[in-house]
Amino acid sequence: MAKAAIKQQKAEATEARLAGLTLPESGAWAREAREAALERVRSMGLPHRRDEYWKFTDPTSLTAEEPPQASVFETGEPPLFDGVDRLKVVFVDGVFDPEASDDLSLEGIEIERLSEAMAKDIHWVRDLYGKIEGASHEKVDRPLAAFNTAFATDGVVIRVTGKPSKPVSLVYLHKSERSDAILHHCVKVEEGAELTILENGPAAARFSKGLEVDVADTGAFHLVRAQGRDHERRAVTGTFARLGRESTFKTFTLTVNGVMTRNEAYVELTGDEAVCHIAGACLGDGRDFHHDATVFVTHDAVNCESRQVFKNVLRNGATGVFQGKILVKQGAQKTDGYQISQSLLLDDDSTFQAKPELEIYADDVACSHGSTSGAIDADALYYLRARGMAKAEAENLLTLAFVAEALEEIENEAYAEELRERLAGWLERRRDRAAG
Amino acid sequence: MLDIKGLKVKLEEEDKQILKGVDLHVEAGKVHAIMGPNGSGKSTLSYVLSGREGYEVTEGSASLLGEDILDMEPEERAAAGLFLAFQYPVEIPGVGNMTFLRTALNSQRKARGQEEISSADFLKLIREKAKNLQIEPEMLKRAVNVGFSGGEKKRNEILQMAVLEPKMCILDETDSGLDVDAMKLVSDGVNALRDEGRGFLVITHYQRLLNHIKPDVVHIMSDGRIVKTGGPELALEVEENGYGDILNEVA
Ligand SMILES: Nc1ncnc2c1ncn2[C@@H]1O[C@H](COP(=O)(O)OP(=O)(O)OP(=O)(O)O)[C@@H](O)[C@H]1O
Ligand SMILES: [Mg+2]
């Protein structure tokens, strides 16, 4: 198809999708922000299979007017992070549930609902909402992120002024088979302040999430999330961050199950000596599983460090995609950039596509990237079995070991251990299923 | 203990016969040594016995305590009491040495219908065994064999043997890469395990090891066969004159 024809097709599809939609009610500044985002959607057009960053992932179900049905999955397990002392903020099918949530107050942070913040004439979030997302399209179009900014109906905005005693835990429950949730959160970490956010749950049949994080000098932000085990759920998420001098930003995402996941991250290191780690592990079983992590890190200051560590375990025809880029701008000397994406393919049917990219305009930098995919190491498997481990048990041990490198990116060991146990459980159930 | 009769083995992938009829009988309580030129099939024999993939048994049998082992999975052979100390121990990144050993021990116990060992008991057990072999606690925490020196890897094999307490121990060139002191430690470790109910098959190139671990029987393997069997003096002869005379004599 010719370029012009695709452009035409995209424009028509975009208008058709937008035709039935109206921007949610909000105050003056918020209305402006939404309209600007809507304009971005129009000018970029909704994603098309021929777009450079959608070659490996079919956006159709993410842009369709109606979300495909997704049944609710009862795991029979206690929810993640249940034992953690935390400030719980619950959303049911994308709607804030005050009953199930804790009182929104915690020393060291100001937290309120997005809709409340948006109704106000003056609010700090005005300088953040849609701003980092808006800047993220410089090199790569992210129309679904702009769409999220335009149409988000709920979310929280958090200003972090100190070091709160506990994390904020966003819990996303999925109760309706047709729910279509659009959430957008904003976090502003003030100088020297620190916050950890825990996120878990499938959120909806189809979930669009935006998260914008502005970390001021010497601030720190950590995100540990698990995307929920509902098999049929779909999610497209965008994490956008801007990092000041000597600040820290670390995220880890665990994805098990779900038919469609597209997780984008866009981080700008704008202050010297900032540190950014983006890690993830995904475990997919079955032909319907599709997971895509698309990461873009921009170094625009000196002496910064960034790491991208992604591990995929794929079986029975599952698909994994990794598109990761490190952009080092002119003058961003002494950049230390690292990127690794690896897949363990437990059978010949599963596939992993990787598109690692480096774009460097500074001369004194150390950047490396690597991508591998392969089966379980036969020698290691034999060694474990020769010591008495059953084949499936040895495979699980090696699989966990494979994922361990990504889990190690989580600074808090208790959270890492909790996720590790869930992973072990997931593997064990599959082992039992395979055996029985 | 271990009975091997007329064992012939070829590679699965290509038409290459490696073992050409091996007969070997190791009694409980005895130490047998196998020596032989490079490429004669010593490691292959140990791999075939422990169940490594890639080999095809075309003739013959092998049994452990009267049970045919050739049809068993590697883990079943281990549970039945077979242990191979590898010539080249495998590095396993991401799997802690302790976790590995505890999982292995419990797998074997489960397979034998025994109860799993408690964490506390296991810790006690491994600390004691590691101390005997002068293995630093720090090494137990590291990933299996990753970054271990050649000698450390070999000591780690013997540690596994000491913890798993197998009935039939096959040691494939456990002495190679060991310094003089480590050789003594490893030999002490092996000798500590010697008892009435346990058999050993020690593959080595050097008489030196056999000074520490005194064999009852010495076999010479060449071109896929045991070509000569004798007492400890056979090892001394090899040490002095090499294989030339022996091989000429049997040819
Ligand atoms: N997988 C394989 N592919 C090709 N050749 C093999 C394979 N395994 C064994 N061989 C060959 O079989 C023969 C016997 O090898 P093996 O490792 O058993 O010898 P060895 O007696 O242990 O020697 P060394 O003393 O050097 O350790 C060699 O010629 C070797 O190259
Ligand atoms: Mg050998």
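The shell around ligand 1 comprises four nonpolar, eight polar and three charged residues. This is a predicted model, and the tour starts at that ligand before moving to a helix of chain A.

**First selection: the surroundings of ligand 1.** Select ligand 1 together with the 15 residues that surround it. The closest are Gly39(B), Lys42(B), Ser43(B), Thr44(B) and His205(B). Next, highlight helix H1 of chain B, residues 42-50, which gives the most to this shell, with three residues.

**Second selection: polar atoms at ligand 1.** Display the side chain of Thr44(B), where an N or O atom lies 2.5 Å from an oxygen atom of the ligand. Then show the backbone of Ser43(B), which has a polar atom 2.8 Å from an oxygen atom of ligand 1. At Ser40(B), a backbone N or O atom is found 3.2 Å from a ligand oxygen atom. Of the 630 Å² of accessible area that ligand 1 has on its own, the protein covers 65%.

**Third selection: helix H2 of chain A.** Select residues 28-44 of chain A, the 17 residues of helix H2. From first C-alpha to last, H2(A) reaches 25 Å, close to the expected 24 Å. Colour its buried residues, among them Trp29(A), Arg34(A), Leu38(A), Arg40(A) and Met44(A).

**Fourth selection: the partners of H2(A).** Add helices H1 (3-19), H4 (114-119), H5 (131-135) and H6 (143-151) of chain A, against which the buried residues of H2(A) pack. Finally, proceed to Gly45(A), just after H2(A), where phi is positive, at about 80 degrees.

Conventions: Residues are numbered from 1 along each chain as its sequence is written. Chains are lettered from A and ligands numbered from 1 in the order in which they are written. This is a predicted model: local features need pLDDT of at least 70, side-chain atom pairs count only at pLDDT 80 or more; totals for chains, interfaces and linings use all residues. Side-chain values use heavy atoms; hydrogens and water are left out. Helices (H or I, at least four residues) and strands (E, at least two) are DSSP runs, numbered from the N terminus. The expected span of a helix is 1.5 Å times one less than its number of residues. Buried means under 20% relative accessible area, exposed over 50%, partly exposed in between (1.4 Å probe, protein chains only). Contact means heavy atoms within 4.5 Å. A residue is near a molecule or strand if one of its heavy atoms lies within 4 Å of it. A polar contact is a pair of N or O atoms within 3.5 Å; within protein, one must be able to donate a hydrogen and the other to accept it, and residues adjacent in sequence count only if both atoms are side-chain atoms. Accessible areas come from the Shrake-Rupley method with a 1.4 Å probe; for residues, only the protein chains shown count as cover. Ala, Val, Leu, Ile, Met, Phe, Trp, Tyr, Cys and Pro count as nonpolar, Asp, Glu, Lys and Arg as charged, and the others, Gly among them, as polar.
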